Amino acid sequence: MTEIHAEGFTTADLYDQRGDELQSVSLQLLDLGGRARFSGPIRTVRCHRDNGLVKQLLNSPGEGAVLVVDGGGSLESALMGDLIASAAVENGWAGVVINGAIRDRAVVATLDLGVKALGSNPRKSAKDGEGEVDAPVEFGGVEFVPGRTLWSDEDGILVEHPAG
């Protein structure tokens, strides 16, 4: 099937077309970026209250990818703020999906970047670089496998099924 990217898709239509080839994220994440609709190949970070790896990746070439960050659902500190989000824009990332919190919501909302997260917290996270990069992560009933495609819009997030 032809890939559907950028502004030319809705997740509802995509699901109607592809059905069980796709997984739908059940976790209700907030739209916090300046771009509501985004898609791209998945990159992943697993971390807990430490955004060192998030910062490192988003400061490198994104080539239209979507960074999926599994912060374990913690809202105790932010895993991304305006400076890291601005770096993501400058480096060509399509979006960031965070199972955790961000900060600097007002500025992040003005950036040409798709951002979905559980919420916000002004508290900084550690920057030790603890965690794991590009390993499959799972939340919201979906397995996010690096290299698979993710589509996100106002209705939610769809991901290519790992077996598909």
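A salt bridge here is a side-chain nitrogen of Lys or Arg within 4 Å of a carboxyl oxygen of Asp or Glu. With that in hand, welcome to a few close-up views of this predicted model.

**View 1. E160 and R18 form a salt bridge between strand β11 and helix α1.** The closest N and O atoms of E160 and R18 are 3.8 Å apart, so the pair falls within the 4 Å limit. The two partners are distant along the chain: R18 belongs to helix α1 (residues 11–18) and E160 to strand β11, 142 residues apart. Are these two charged residues buried or exposed? R18 has a relative accessible area of 11% and is buried; E160, at 15%, is buried as well.

**View 2. R18 also forms a salt bridge with E21.** Here the closest N and O atoms are 2.9 Å apart. E21 counts as partly exposed, with 42% relative accessibility, whereas R18 is buried. Through shared partners, R18, E21 and E160 join into one network of salt bridges. Side chains of opposite charge can pair when their charged atoms come close.

**View 3. D134 and R43 form another salt bridge.** Their closest N and O atoms are 2.8 Å apart. Where do the two residues sit? D134 is in the loop between β7 (132–133) and β8 (137–139), while R43 is in strand β3 (residues 38–46), so the pair ties together parts that are 91 residues apart in sequence. D134 has a relative accessible area of 32% and R43 one of 25%; D134 is therefore partly exposed, and R43 is partly exposed too. For context, the structure holds 9 salt bridges.

**View 4. Strand β11 is largely enclosed by the rest of the structure.** Take a moment to follow residues 156–160: 5 of the 5 are buried, which is why the strand is described as largely enclosed. G156, L158 and E160 point one way, and I157 and V159 point the other way, yet all are buried. In a regular strand the side chains alternate between the two faces of the sheet.

**View 5. β11 pairs with both β1 and β10.** Strand β1 (residues 22–24) runs antiparallel to β11, and 3 bridges join them. In this pairing, L22 stands opposite E160, the residue that also forms a salt bridge with R18. Strand β10 (residues 149–153) is likewise antiparallel to β11, joined by 4 bridges, and L150 has V159 as its bridge partner. How many residues lie between β10 and β11 in their hairpin? There are 2 residues between them.

**View 6. The largest nonpolar core has 24 residues, and L58 and M80 have the most contacts inside it.** At least two residues of this core come from each of α2 (52–58), β4 (66–70), α3 (82–90), β5 (95–102) and β6 (114–120). Helix α2 supplies the largest share, 4 residues. Which residues does L58 touch, leaving aside neighbours within four places in sequence? L58 is in contact with L67, M80, I84, A87, A88, N91, W93 and V96. Apart from this core lies another one, of 15 residues, including V66, V137, V142 and L150. You have already met L150 as the bridge partner of V159 in β11.

Terms used:
Residues are numbered from 1 along each chain as its sequence is written. This is a predicted model: local features need pLDDT of at least 70, side-chain atom pairs count only at pLDDT 80 or more; totals for chains, interfaces and linings use all residues. Side-chain values use heavy atoms; hydrogens and water are left out. Buried means under 20% relative accessible area, exposed over 50%, partly exposed in between (1.4 Å probe, protein chains only). Two strands pair if DSSP finds at least two bridges between them. A nonpolar core is a set of buried Ala, Val, Leu, Ile, Met, Phe, Trp, Tyr and Cys residues joined through side-chain atoms within 4.5 Å. Contact means heavy atoms within 4.5 Å.
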